[in-house]
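Welcome! Take a look at the sequence and the structure below, then try the exercises one at a time before reading each solution.

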Amino acid sequence: MNRGRARTTLVAVPLVVFVVAGLLAPLIAPADPTANDLAAGLASPSAEHLLGTDQLGRDQLSRLLYGAQISLAITAAVLAISLTAGAVVGTVAGYAGGWVDRVVSRVIDVVVSLPGMLVALAVIGVRGPGVDNLILALALWSWAPYARIARARVASLRDSPHLDALRLLGAGHGRIVGRHLLPLALAPCLVYASTDVGTVVLAVATLSFLGLGVAPPSAEWGQMLIEGRPFLASAWWLAYPPGVAITAVVFASNLLGERLAAGAERPSIIRLVRPGRIRRATRPAASPDPGTVLRVRDLSVTYPDGSASRRVVAGMSYEVRRGQVLAFVGETGSGKTTAALAPFGLLDPSAAVTGSALLDTHELIGLAPGERRRINGRRVGVVFQDSGAFLNPLRTIGAHVDEAVRNAGRGGRRAATRRVSGELLRLAGLPDPVAVARQFPHQLSGGMRQRAQIAIALAGEPELLVADEPTSALDATVQAQLLDLLARLRDELGMAMIIVSHDLAVVSRVADTVAVVYGGRIVESGPATDLIDEPDHPYTRGLLDAVPRPRTAPGTRFRTMPGLAGGGPDDLAGCGFAPRCPLRQDSCDHEPPALQPLLPATAHRSACLHPPTREGSC
Amino acid sequence: MRVPDRLVAAGGYVTRWAADTVGVLLAMSVGTFALVLLARGDPAAVLAATRAGRPATPEQIEAVRVELGLDDPAPVRYLRWLAHASTGDFGLSLRTNTPVGPEVADRLGVTFGLVAGSATVALVVGLAVGVAGAVLPRGPLRGALRIGALLVTSVPAFWLSYLLVLFLALRLHLVPTSGMAGPRTWLMPMAVLGLPAAGVLSRVVAVTLREALDRPYVRAAQARGSRPLSIVLRDGLPNAAGPILSVAGFGIGSLLVATVVVEKIFGWPGLGAYFVQAAGARDVPALQAAVLVMGGGFILANRCADVLHGLIDPRARRSSS
Ligand code: SF4
């Protein structure tokens, strides 16, 4: 923001120096750039000649400054011509629309895609060298981007009511174009011109270097370099300053262009280095119960948020046992998906994950990417929500499954890998694996894509399957079939499963235990039957009230409760649900209520100070 | 919507692509021929003077006009020129009065060798630096790669040549200052041509690959335990192929044109040097030959990048014109 703008200004400094030097050259140059003094030829830099002299004894600093003047004049002429011509052509085409627009756009496309140097050489070749032909040659090709920019700007306004109003008021086409549209089109063109300076300066210098641009004795930068060439090794002051000057102007212009083009930038998921900022749990890992596949303690996830940071999951603990399904239920943004994926390193790389997650006896938090590959795809399989986006659009389903099989170390020769893939697809309920394997993701229905994802997740014969909203966006029948498939796989393969969903009605079909998540915290958890029959937390009760009664309309999403969805776990000092809670009391605002067993030694826990079941009178 | 057979669909696409390419090449040949209409001065007078060795008489000029058919209407002359050009006959050089075709053919090998070498530099360095720029975390190394790439694209080729000559040839004596004899003389020209192209390519790779690696299917690939290299090669680069290929095609095509500077500096007898000589002498037939060959090569490089993208990404086939 402010810092970014300051940097952009800093980047533009060489351009400003270029313009000032070019404008003021006659005033600040210490000597006449063409005054020969053979006696003082090839003098090294001194107080008299700050940048030394060339073979004819001409003052190099003066020549450099006058070089800026020449470059600046030619560049200004080229940009003025191409900007004006481009803006007018583009504006007219964008305003006219129809075939005019199509023809002009086609011409613009062709010119933009031509190599500028080729055009310039050809034009100068037939017209002869000289400043006027140089300007013509460069303008002939550099107008096109301006036309494209202006056309795009104006075409977006073509049908605006503002223009209709102008026409109704009797404004002619010429007036609309000249008075109203052209100024609008000029603004983005001017911005682009600032980044185009480098291209033109470089072209002028290159053509002059080739002897096809500005002729001697003018002190053009490229010309200076070619004149200084015989003295490269002996007189460094002839070799460096003009090159540095050109490079500085072009570099500043390129950098400016990149800054203006760049949008917000996010880090990629893949990191070559070990993720930083991770603290392992300080507590020694408790010896796990043999039936427990995953045991998570005090899991917190924090994202950087500007200069501050923001927790999205706060101190969550959960576990899932072999042959059991744990369901995370909550609204969008509650942190349920983050909590389920965090142990496996599948969050954005800027996330800082703390706490402990034991898979069997292996600590997962803080693993290096290489160690992750021994877990992900082998011992843990993941099924993502179907948006089509979780499958690479350029690869067939078969390529995905084959890769998963090879990653899991179960691949062999091509045919053997294919055979395993076929079995997996069949296991996931796709009856014609050979045909499906040849299809691309977009050729399958949502339900089939989810089955394909399940096949991929099963490739490593995992102990744990994590499914993030596996059935949302699918219709009710398909949802039911997929849930039945997951339940069958749990029973047949004895896997542990975590299913994340916003829909309590859906998961209650398969879940053994349920954890209700609100605002980055688990607010109630316990065996599915207990929790559904006797919900304790007001939020869970709200969810259940909103859940359609069994057999009325299966799969309907629950009605949203009044009030906004919860914020982060640290947004409020007290209970996160308080703003929406009908039972809230003053004491709720002091500190977040802890998740506590309803009765001593029961698995059913809730985090509420004044639960309706226990205080009756509410 | 089922695509019945991937290969058949791609076959139709390739045929359409080839037809389009011929169309674009023809359009370029019209532009190249039109250069003669832009020319200042009378080519017949120039050639007659070259033959006579002094300013020609009106009779000599008229004889050349008739010999070259310069009085025919432009479309007739275009068709005749194109028919001849397609057999490698570009007429006589105004500068030397010798046939242009064989001269260009002789020089082609040098230039294409140079372009092939520097294209390899550009692709290898550009991809490597670009991939590093995409997967490295934000930090000094990534920043240095970015600034380095922008810097190397901003240095004028002729000055970069000077710097290399100064350090590699004159100071360290690693390579000869110029000429084309033996593998070591290829180093500097290849670097001067290839590095700026690599710089441009690396920026596009870094930006588009980073975007592609941020897609959900990359997360899914991590979840099934794929290696980073495999994710970059199978999921990242193919999905970023559109912009990368179009910049690579443009960059490699432009190398052909950039040889004009490098061949002049290092004294290579290639097409680029010939182009500059022709441009300096307003030698229109030679210019036309050089423009046609270089422009044609440039267009082919771009079109090849296009077709490659279409083969990688079926979705790109529809939008291609
Ligand atoms: S702690 Fe208070 S505000 Fe929070 S859910 Fe319970 S009653 Fe409502």
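**Exercise 1. Helices in the annotated spans**

How far apart do the end C-alpha atoms of residues 112–136 of chain B lie, and what percentage of the span is helix?

Solution. Keep in mind that this is a predicted model.
- Step 1: begin with the record, an unreviewed UniProt entry, which gives "transmembrane region" for residues 21–39, 112–136, 148–174, 186–209, 244–266 and 286–305 of chain B.
- Step 2: check the span in the model. Residues 112–136 of chain B are 96% helix and 0% strand, with 35 Å between the end C-alpha atoms.
- Step 3: try another span from that list. Residues 186–209 of chain B are 100% helix and 0% strand, and their end C-alpha atoms are 32 Å apart.
- Step 4: turn to chain A, where an unreviewed UniProt entry lists 70–95, 107–128, 189–215 and 235–256 under the feature name "transmembrane region". In the model, residues 107–128 of chain A are 82% helix, with ends 26 Å apart by C-alpha. For residues 235–256 of chain A the helix share is 95% and the end C-alpha atoms are 33 Å apart.

**Exercise 2. Walking across a sheet**

Find the open sheet of eight strands in chain A and name the strands at its edges.

Solution.
- Step 1: follow the strand order in chain A, which runs S6-S7-S8-S3-S9-S10-S12-S11 with mixed pairing.
- Step 2: look for strands that pair on one side only; these are S6 (380–383) and S11 (596–597) of chain A.
- Step 3: zoom in on the S6 edge. S6(A) pairs with S7 (residues 464–468) of chain A in the parallel sense, over four bridges. A:Val382 has A:Val466 of S7(A) as its bridge partner.
- Step 4: add the helices. H17 (residues 446–458) of chain A packs on the sheet and touches S6 and S7 of chain A, its direction making about 170 degrees with that of S6(A). H18 (residues 476–493) of chain A also packs on the sheet, touching S3 (325–329), S7 and S8 (496–501) of chain A, at about 160 degrees to the direction of S8(A).

**Exercise 3. Around the ligand**

Which residues surround the ligand, and how do they divide by class?

Solution.
- Step 1: gather the neighbours, among them A:His537, A:Cys575, A:Phe577, A:Arg584 and A:Leu609.
- Step 2: sort the shell by class: ten residues are nonpolar, one is polar and one is charged.

**Exercise 4. Confidence**

Where in chain A is the pLDDT below 50?

Solution.
- Step 1: the chain A average is 81, and 88% of the residues score at least 70.
- Step 2: residues 272–284 of chain A fall below 50, as do residues 548–560 of chain A.
- Step 3: where pLDDT is low, predicted coordinates should not be read in detail.

Key. Residues numbered from 1 in each chain as written. Chains lettered and ligands numbered in written order. Predicted model: local features only at pLDDT ≥ 70, side-chain atom pairs only at ≥ 80, totals over all residues. Heavy atoms only, no water. Near = heavy atom within 4 Å. Nonpolar A, V, L, I, M, F, W, Y, C, P; charged D, E, K, R; others polar. pLDDT = per-residue confidence, 0-100. Contact = heavy atoms within 4.5 Å. UniProt positions renumbered as here; feature names shortened; annotations may be inferred. Helix = DSSP H or I, 4+ residues; strand = E, 2+ residues; numbered from the N terminus. Pairing = 2+ DSSP bridges. Axes fitted to C-alpha atoms, helices over the stretch in contact; angles between N-to-C directions.
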